[in-house]
Structure formats: structure tokens, C-alpha cells
Amino acid sequence: MAAIVRPDPLLPMPDLESRENPYNVTQASRIYFLPNLMTAGNLFCGFVAVIKCIQARLEAIAPGTYAYSPAQLYTDAVWFILAAVIFDSLDGRLARLGGRESLFGAEFDSLADVVSFGIAPALMMFFLILSPTQGYPVFRQIGWFIGFIYLLCAAVRLARFNVITNPLLHKPKDSSKDFVGLPVPAAAGTVVSLVLLLLHLSEDNLVFHKLALALPVLLLMIAVLMVSTIRYPSFKQVDWQTKTRFRTFVVIIIIAGSIFWLQEVAFISLFLAYIFYGVIRHIRRVQLISRLRLQRKQLVRKPPTANQ
């Protein structure tokens with residue numbers, strides 16, 4: 001079979017082929033309005049979330065600086081980060097639906113994700129764990145380092161994603177569409193959803209104090225999952241035009257209503273269910289592979305039967 005020779009993107013090519021080549025300078029840096037508008041919305045929400053976290057910390061240090069309490073400002077930051085998750089899910093889908101994917105869009109999206117799902121959650125956790133853990137000086141000493149570990153893993157996860165999805169890589173046709181490692185938006189969503197729950201429970205200072213001690217541990221666990229090789233569903237193959245039964249439609253409406261009315265519990269439950277689904281599926285896959293390898297070894301070691 002003759003080898004498939006790919007055109008060198010550095011060599012001159014016909015005009016039409018040059019325009020369609022994703023590595024052409026014009027094509028790679030092309031800015032498509034609607035997908036990149038969603039990415040800009042993602043970046044805007046992340047930037048505002050950072051501002052809200054800083055304002056909340058200043059209000060906690062000097063009460064009366066702003067018209068809102070630190071809890072309200074942190075809550076606003078949480079909602080802006082969750083809004084960034086929605087914008088992030090829309091930009092890639094709009095680009096794929098319209099056939100408007102570009103290398104510029106992929107890099108722009110990753111830079112926005114670093115702000116919205118890296119810096120903003122890390123800064124929120126850093127500011128938040130200082131207040132309820134004043135009796136534990138160790139948190140004041142290593143809080144910044146825990147936040148940096150989370151930010152570092154988020155940046156590494158995004159860089160790896162850009163490499164894996166680069167069109168230059170030779171990928172098999174039946175390659176999985178799953179994410180490798182916990183997606184950064186899901187990681188940030190888990191962190192801020194827990195913060196939302198803690199703020200809801202802040203009326204009980206004892207409960208808030210105890211649960212806040214789990215935040216650094218959760219942050220490190222999520223950081224490890226981001227750079228792991230555990231696969232998570234990407235939902236890229238979901239056909240949103242698929243017909244469904246009326247009963248299923250009603251169940252979806254009920255779930256959406258429950259999320260609206262039980263926001264503090266619903267969001268953290270959804271994100272944790274997504275995390276544990278990937279972990280449990282990975283464990284089952286590893287166990288299946290181990291059994292198959294053991295059966296293969298047993299077949300190899302089994303002596304051949306003598307001919308009668």
C-alpha cells in the first residue's frame with residue numbers, strides 16, 4: 001500500500017488549496033465572530049470574577065469599603081465563573097456547527113480558560129480559606145502554594161489538550177472523543193460549586209469552619225485529576241436534534257427545575273457525579289484490561305495437549 005504523503009504547509013500550493021490549509025497564516029489566524037464572541041464572554045466573566053474576589057477580600061479586611069458583604073461578592077464571583085463555563089461550552093460547539101474552527105480560536109479559548117478556570121478559582125480559594133482557618137497558621141503559609149498547584153495543573157491540562165487536538169498529529173480514525181484528564185471547566189465548576197454551598201451554610205459558623213478545612217484537599221485532588229489520564233465524556237457526539245419521548249422530556253424539565261430551586265446542592269452534585277463517573281469508569285477499564293492480560297498469560301503458559 002502506498003504511503004499517504006501529506007502536503008508540507010511550508011511549501012507553496014495552489015490558491016484554493018492554500019486557503020483551505022489550516023496552517024496557512026491567513027486561515028490559522030482568522031477570527032470568526034460568533035465563536036470568538038463566546039470566548040470573549042468567557043474571558044470577561046473570568047476577569048469580573050477575579051475583581052469580585054479581590055473586592056470580597058478587601059471588604060473582609062476593611063468592612064464598609066463596598067456596599068456588599070464578602071459573602072455576596074464571593075457569590076457573584078461564583079456565578080460569573082459558572083457563566084464562563086456556559087460560554088466555554090458554546091464557543092467550540094458554534095465553531096464546529098458552522099465549520100469555523102481555527103487555530104487562533106483554539107489558542108484564544110485556552111488563554112481565556114486560564115483566567116476563568118485557573119486564576120479566578122485559585123484566587124477565590126486562596127482568599128476564602130484564610131478567613132475560616134485563622135486558628136491554623138499552616139493554611140496561611142501554604143495557601144498560596146496550594147492555589148498555585150491548582151493553577152499550574154490547569155495550565156498544563158490546557159496545553160496538553162491543545163497538543164492532543166492539533167491537526168498535525170496522526171490520530172486513528174476510531175480514536176475516542178473523550179477528554180483526557182478532568183476538563184478545566186468541570187474542575188473550576190466543582191470548586192466554585194462547593195464554595196457556593198459553603199457560603200449557603202455560612203450561617204452555621206461551626207459547619208462552615210469544618211467544611212472549609214476540606215477545601216485545600218479538594219483543590220489538590222482536582223488538580224491531580226486534571227493532569228491524569230482518566231477519560232471523561234466530552235458530549236461532542238450528542239445530537240441535540242435527536243427526538244425524545246415526552247416522558248424523558250418531562251424528566252429533563254424536572255431536573256432543570258430542581259437545579260434552579262436547589263442551586264447550592266444541585267451544582268455540586270452534578271459536578272461531583274461527573275468526576276466520580278470518570279473515576280469509576282477508569283477503574284472498571286483498568287480491571288477489565290488486567291483480567292484480559294491475565295487470561296492471555298494463562299493461555300500462553302498452558303502446555304499444548306498431546307495428540308492421541
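A residue counts as buried under 20% relative accessible area, as exposed over 50%, and as partly exposed in between. Keep that in mind for the salt bridge below. One caveat up front: this is a predicted model.

**The salt bridge**

The count here comes to one salt bridge. Its partners are Arg281 and Asp178, whose closest N and O atoms sit 3.2 Å apart. Arg281 belongs to helix H11 (residues 263-301), while Asp178 is in the loop between helix H6 (137-164) and strand S1 (179-180), so the pair ties together parts that are 103 residues apart in sequence.

Are these two buried or exposed? Neither label fits: Asp178 has 21% relative accessibility, so it counts as partly exposed, and Arg281, with 22%, counts as partly exposed too.

| Residue | Relative accessibility | Class |
|---|---|---|
| Arg281 | 22% | partly exposed |
| Asp178 | 21% | partly exposed |

**Helices H7 and H9**

Now for a helix pair. H7 (residues 184-200) packs against H9 (residues 215-226) at an angle of about 165 degrees, and their axes are 10 Å apart. That angle makes H7 roughly antiparallel to H9, since anything over 145 degrees counts that way. The crossing of H7 past H9 is right-handed.

Which residues make the contact? From H7 come Val184, Ala187, Thr190, Val191, Leu194 and Leu198, and from H9 come Leu215, Leu218, Leu219, Ile222 and Met226. Sorted by type, the residues of this H7–H9 contact are 10 nonpolar, one polar and no charged.

Methods. Residues are numbered from 1 along each chain as its sequence is written. This is a predicted model: local features need pLDDT of at least 70, side-chain atom pairs count only at pLDDT 80 or more; totals for chains, interfaces and linings use all residues. Side-chain values use heavy atoms; hydrogens and water are left out. Axes are lines fitted to C-alpha atoms, for helices over the stretch in contact, and angles run from 0 to 180 degrees between N-to-C directions. Helices (H or I, at least four residues) and strands (E, at least two) are DSSP runs, numbered from the N terminus. Angles under 35 degrees count as roughly parallel, over 145 as roughly antiparallel, 65 to 115 as roughly perpendicular and the rest as oblique. A crossing is left-handed if the near helix is turned anticlockwise from the far one by less than a right angle, and right-handed if clockwise. Contact means heavy atoms within 4.5 Å. Ala, Val, Leu, Ile, Met, Phe, Trp, Tyr, Cys and Pro count as nonpolar, Asp, Glu, Lys and Arg as charged, and the others, Gly among them, as polar. A salt bridge is a side-chain nitrogen of Lys or Arg within 4 Å of a carboxyl oxygen of Asp or Glu. Buried means under 20% relative accessible area, exposed over 50%, partly exposed in between (1.4 Å probe, protein chains only).
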